[in-house]
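Let's walk through this structure together, one question at a time. Have the sequence and the 3D view at hand as you read.

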Amino acid sequence: GTTRPQVRIVIVGHVDHGKSTLVGRLLHETGSLPEGKLEMLKAVSARRGMPFEWSFLLDALQTERDQGITIDTTQIRFRTRSRDVVLIDAPGHAEFLRNMITGASQADGAVLIIDALEGVRDQTRRHGYLLHLLGVKQVAVVVNKMDRVDFSAARFNAISKEISAHLTSLGVTPAAVIPISARDGDGVAERTAKIAWYKGPTVVEALDALEPARPLEQLALRLPVQAIYKFDDRRIVAGRVESGSLSAGDEIVIMPAGKIAKIRTVESWPVTPVRGRQGAGRSVGITLDRELFIERGDVIGHVGTSPRDTSRIRARIFWLHDKPLAKGDSILVRLGTRETRATVVAIEKAVDPGELSSVETKSIARNHVGEIDISLAHPMAADPYTENPRTGRLVIEVNGRIAGGGLVLSVDAGQRAIP
Ligand code: GDP
């Protein structure tokens, strides 16, 4: 059978605007709830004499997850017509930003929720900014609780205009703005009579239209060199294919040196020849058709799509160290299998994730996010994270301890002509 594309989404919005209610509704409308779960919760509510709330579903699933009762609710997920949607937890801003920026989790898209009566609040605007910081480009806005404004098209249009202008100014163009009542179901999976004036997609349709991240195997080849081994007089270059694929006969480039060679054999580690293309995630050893100087930290790519050779990187980082990162600081940068000393030459901005506001830009404090320019003591191969999530992330060490991590925003291509 064909595998269904998976999209990972995050739902953000002002507290009480209806995130949990929407999730409960989505689970129900897409038929993703365990058999009898809804009826059980409704019965429990009735017995306790309290009205049923859709958010109870989420609470119940989370409790089971915490207690380890149900294995397949370790992640909240549901199916749309053509997608498997996985919900990423957005605990607090700081934790969420750290996870996203250091690569522990990655969202392909987001839903920004706004209470139709309350309208666009400061926290709503900050969440827009958060999505911008994280580079999440696919955003669906839902204007919730339309029942509280009598499903007024005028009210919806005013909010839609305000939030669209805000997001567009941040470079995040909403894919859709959708009027819904998460409580009653309007606009979630169906365009009901109450929103007959609305012609756009439902929430489920908007999620179904999200572009999944490109499979790593479809990206350009990146093989960071882990080690070189001598074996029966042959030199074997070992590493893990981080993206793309390779096979015997491929013309490759070794960066940052820019040397070209042909792959003679591919072995699965330790030493069994393998046939066919070896893709992302495989650990391999390769032999080449000529003797070249290669060392740990080099990155192998294909001729024409090799990584850039750079000695200057702009990165968006999450800082974890007690001592703030400042201009002029000497750090150790680890990217792929390479590590090199570097100097912070500029701090462009610093953001407090709690407030999601810019703070003074001379240094980046613990648990803050910032954009920095770093100058590397030795050139290395790197990619912007938008092109490659595996080789577009770096880790910063100070005194042998991880002090920060983040996304490569851009690289200054080196002087060497890129093959
Ligand atoms: P969260 O804090 O964003 O997760 O918000 P909740 O999902 O917990 O919802 C907050 C409150 O708003 C709850 O009392 C919900 O019942 C209520 N609520 C959520 N969606 C709707 C809606 O579509 N219409 C109305 N009238 N109330 C809603």
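Q: How do the residues of the shell around the ligand divide into nonpolar, polar and charged?
A: This is a predicted model, and in it 17 residues surround the ligand. Among the closest are Gly18, Lys19 and Arg183; glycine counts as polar, lysine and arginine as charged. Over the whole shell, the division is two nonpolar, eight polar and seven charged.

Q: Which element gives the largest share of the shell around the ligand?
A: Lys19, Ser20 and Thr21 are among the closest residues to the ligand. The largest share of the shell is three residues, and they come from an element spanning residues 19–29. That element is helix H1.

Q: Which strand gives the largest share of the largest nonpolar core?
A: The largest nonpolar core has 102 residues, and Ala110, Val141, Val142, Val143 and Val203 have the most contacts inside it. The largest share, seven residues, comes from the strand at residues 369–382. That is strand E22.

Q: Which residues is valine 143 in contact with, leaving aside its neighbours within four places in sequence?
A: Valine 143 is one of the residues with the most contacts inside the largest nonpolar core. Its partners include Phe156, Ile159 and Ser160. The others on the list are Ile114, Ala116, Val177, Ile178, Pro179 and Ile180.

Q: What share of contacts in the protein chain between residues at least 6 apart in sequence join residues at least 24 apart?
A: The protein chain has seven helices and 24 strands, and its C-alpha atoms fill a box of roughly 80 × 55 × 40 Å along the principal axes. Of the 419 residues, 40% are buried. As for the contacts between residues at least 6 apart, the share joining residues at least 24 apart is 71%.

Q: Is aspartate 150 buried or exposed?
A: Aspartate 150 lies in the loop between strand E5 and helix H6, and its phi is near 55 degrees, a positive value in a residue other than glycine. Because aspartate 150 has 9 C-beta neighbours inside 10 Å, it counts as exposed.

Q: How many other C-beta atoms lie within 10 Å of asparagine 367?
A: Asparagine 367 sits in the loop between strand E21 and E22, with phi near 65 degrees, a positive value in a residue other than glycine. This residue is partly exposed, and the number of other C-beta atoms within 10 Å is 17.

Q: Where is the cis peptide bond that leads to proline 256?
A: Proline 256 is found in the loop between strands E10 and E11. The cis bond has omega near 10 degrees and runs to proline 256 from methionine 255.

Terms used:
Residues numbered from 1 in each chain as written. Predicted model: local features only at pLDDT ≥ 70, side-chain atom pairs only at ≥ 80, totals over all residues. Core = buried A, V, L, I, M, F, W, Y, C linked by C-beta atoms within 7 Å. Buried ≥ 20, exposed ≤ 12 C-beta atoms within 10 Å, placed from the backbone. Helix = DSSP H or I, 4+ residues; strand = E, 2+ residues; numbered from the N terminus. Contact = placed C-beta atoms within 7 Å. Near = placed C-beta within 6 Å.
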